[in-house]
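Trainee: I am new to this structure and would like a close look at one part of it. Please pick a good place to start and walk me through what surrounds it.

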Amino acid sequence: MDILRIVAAIFLPPLGVFLQEGIGLQFWINILLTLLGYIPGIIHAVWIIVRR
């Protein structure tokens, strides 16, 4: 299941975080990072998924 989350995080970073954490602080941080730059959003999303 983590592979699907990581693939989702690459294409749409907030979706990967949503699948891992739900709508919470990390989700909103990821939306902000994705809006500021796509790459920081991807890095944050993959980090959230891998750390669990």
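Mentor: Let's start with a pair of residues in helix 1 (residues 2-11): Asp-2 and Arg-5 are 3 residues apart there, so about one helical turn separates them. Keep in mind that you are looking at a predicted model. The chain has an average pLDDT of 93, and 100% of its residues score at least 70. Among the elements of the chain, helix 1 has the lowest mean pLDDT, 91, while helix 3 has the highest, 96.

Now back to our pair. The side chains of Asp-2 and Arg-5 form a salt bridge, with 3.1 Å from N to O. How exposed is each partner? Asp-2 is partly exposed, at a relative accessible area of 38%. Arg-5, in contrast, has a relative accessible area of 18%, and because buried means under 20%, Arg-5 counts as buried.

Arg-5 has company: Ala-8 and Ala-9 are also buried in helix 1. These buried residues cover an arc of only 100 degrees around the axis, so they are on the same side of helix 1. Turn to the other side of helix 1 and you find the exposed residues Ile-3, Leu-4 and Phe-11. And what covers the buried side? Helix 2 and helix 4 are among the parts covering the buried residues of helix 1.

A good residue to follow from here is Ile-49. Leaving out residues up to four places away in sequence, Ile-49 touches both partners of our salt bridge, Asp-2 and Arg-5, along with Ile-6, Ala-9, Gly-16 and Gln-20. Ile-49 and Ala-9 also belong to the largest nonpolar core, whose 5 residues include Val-17, Phe-27 and Ala-45 as well.

Phe-27 takes us to helix 3, where the buried residues are Phe-27, Asn-30 and Thr-34. Viewed down the axis of helix 3, they fall within an arc of 60 degrees, so they line one face of that helix. The face turned away from this buried side carries the exposed residues Leu-25, Trp-28, Leu-32, Leu-35 and Leu-36. Helix 2 (13-21) and helix 4 (38-50) are among the parts that cover the buried residues of helix 3. You can also check the length of helix 3 (residues 25-36): at 1.5 Å a residue, its 12 residues should span 16 Å, and the 17 Å between its end C-alpha atoms agrees with that.

How many salt bridges are there? The count comes to 2. Besides the one where we began, Glu-21 pairs with Arg-51, with 3.8 Å between the closest N and O atoms. Glu-21 lies in helix 2 and Arg-51 in the segment after helix 4, so this pair ties together parts that are 30 residues apart in sequence. Glu-21 counts as partly exposed at 29% relative accessibility, and Arg-51 is partly exposed too, at 42%.

Which other residues does Glu-21 touch? Not counting residues up to four places away in sequence, its contacts are Gln-26, Ile-48, Arg-51 and Arg-52. As for Ile-48, it is 27 residues from Glu-21 along the chain, and their C-alpha atoms are 8.3 Å apart.

Terms used:
Residues are numbered from 1 along each chain as its sequence is written. This is a predicted model: local features need pLDDT of at least 70, side-chain atom pairs count only at pLDDT 80 or more; totals for chains, interfaces and linings use all residues. Side-chain values use heavy atoms; hydrogens and water are left out. Helices (H or I, at least four residues) and strands (E, at least two) are DSSP runs, numbered from the N terminus. The expected span of a helix is 1.5 Å times one less than its number of residues. Buried means under 20% relative accessible area, exposed over 50%, partly exposed in between (1.4 Å probe, protein chains only). The arc is that of the directions from the helix axis to the C-beta atoms. Contact means heavy atoms within 4.5 Å. A salt bridge is a side-chain nitrogen of Lys or Arg within 4 Å of a carboxyl oxygen of Asp or Glu. A nonpolar core is a set of buried Ala, Val, Leu, Ile, Met, Phe, Trp, Tyr and Cys residues joined through side-chain atoms within 4.5 Å. pLDDT is the predictor's confidence in each residue, from 0 to 100.
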